[in-house]
Amino acid sequence: RMAPLLRRPPPRQIRTRQVLLGSPVIEEWGPDGPRAEHDLQELSAVLHAAVHAGASVSFVLPFSLDDSGTFWRTKVLPGVRDRSRIVLIARIEDEIVGTVQLILDTPANQRHRAEVAKLLVHPKARRRRIARALMQAIEDTARKEGRTLITLDTRTGDLAEPLYLSLGYVVAGIIPRSEEHTSELQSLTNL
């Protein structure tokens with residue numbers, strides 16, 4: 001006697017996504033050069049994608065690609081040009097997939113300190129230790145700039161918080177209800 005044929009459910013649709021295969025190259029970004037405009041577009045795309053994926057980096061939805069470009073051109077670019085801000089980028093296969101900033105503009109009595117800001121990895125390049133590599137590189141950059149204390153903040157409970165703790169950052173405090181995210185106030189952890 002033959003066993004009845006088993007009915008298989010229809011195959012599931014598999015969502016495809018672009019995955020980059022190369023290893024990241026981390027370098028300091030300079031705004032002057034033949035690739036500057038293209039780089040600004042890619043940096044804008046990384047910020048835009050990260051915010052739409054839920055990153056807590058001072059922006060709320062709706063957040064357009066134009067909003068992202070305006071941030072890079074009006075807030076970041078002047079600081080890079082006057083060396084009050086250093087931007088590192090991670091490239092894979094010649095595409096910018098991650099970035100982090102070191103803010104050096106501190107009061108005269110705090111020249112030993114710098115602030116890390118806008119650690120971003122494009123969602124298509126996550127889970128490849130790019131954020132960790134960017135943080136290690138920005139720490140090296142801070143040391144070269146004579147900065148011995150690095151501070152940063154992140155949304156309390158955010159995915160980045162365990163990364164910072166694993167790198168040796170220490171929680172200095174939590175500010176309750178200090179930032180808006182998806183129309184509700186969230187706590188901010190200072191490290």
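The exchange below goes through the reasons behind several labels applied to this predicted model.

Me: How do you know that residues 1–17 should not be read in detail?
Reply: Over residues 1–17 pLDDT stays under 50, and the model has zero contacts there beyond four places in sequence. Where pLDDT is low, predicted coordinates should not be read in detail. For the chain, the mean pLDDT is 89, and 87% of the residues reach 70 or more.

Me: What makes up the chain, in helices and strands?
Reply: The chain has four helices and eight strands, in the order β-α-α-β-β-β-α-β-β-α-β-β along the sequence.

Me: Why is Asp-158 called buried?
Reply: Its relative accessibility is 15%, and buried means under 20%, so Asp-158 qualifies. Asp-158 sits in the loop between β6 (153–155) and α4 (160–166).

Me: What makes the pairing of Asp-158 with Arg-155 a polar contact?
Reply: The two side chains are 2.7 Å apart in this contact, and the limit for a pair of N or O atoms is 3.5 Å.

Me: Why is the pair Asp-32 and Arg-81 called a salt bridge?
Reply: The closest N and O atoms are 3.1 Å apart, and the cut-off is 4 Å, so the pair counts as a salt bridge. The bridge links distant parts of the chain, with Asp-32 in the loop between β1 (25–28) and α1 (36–52) and Arg-81 in helix α2 (residues 65–81), 49 residues apart.

Me: Is Asp-32 buried or exposed, and how do you know that?
Reply: Asp-32 has 59% relative accessibility; exposed means over 50%, therefore Asp-32 is exposed.

Me: What makes Asp-39 and Arg-35 differ in burial label?
Reply: Asp-39 has a relative accessible area of 3%, under the 20% limit, and so is buried. Arg-35, at 28%, falls between 20% and 50% and is therefore partly exposed. Their side chains meet in a salt bridge (3.6 Å, N to O). Both residues belong to a network of salt bridges with Glu-27, Arg-91 and Asp-94.

Me: How do you know that Arg-83 and Glu-145 form a salt bridge?
Reply: Their closest N and O atoms are 3.3 Å apart, within the 4 Å cut-off. Arg-83 lies in the loop between α2 and β2 (85–92), and Glu-145 in the loop between α3 (130–144) and β5 (149–151), 62 residues apart.

Me: Why is Leu-165 called partly exposed?
Reply: Leu-165 has 41% relative accessibility, which lies between 20% and 50%, so the label is partly exposed. Leu-165 lies in helix α4 and, with Val-171 and Ile-174, makes a nonpolar surface patch of about 250 Å².

Terms used: Residues numbered from 1 in each chain as written. Predicted model: local features only at pLDDT ≥ 70, side-chain atom pairs only at ≥ 80, totals over all residues. Heavy atoms only, no water. Helix = DSSP H or I, 4+ residues; strand = E, 2+ residues; numbered from the N terminus. Buried < 20%, exposed > 50% of the residue type's maximum accessible area, 1.4 Å probe, protein only. Polar contact = N/O pair within 3.5 Å; in protein donor to acceptor, adjacent residues only side chain to side chain. Patch = residues over 30% accessible without salt bridge, like charges linked within 9 Å, V, L, I, M, F, W, Y side chains within 5 Å. Areas by Shrake-Rupley, 256 points an atom, 1.4 Å probe, with all protein chains shown as cover. pLDDT = per-residue confidence, 0-100. Contact = heavy atoms within 4.5 Å.
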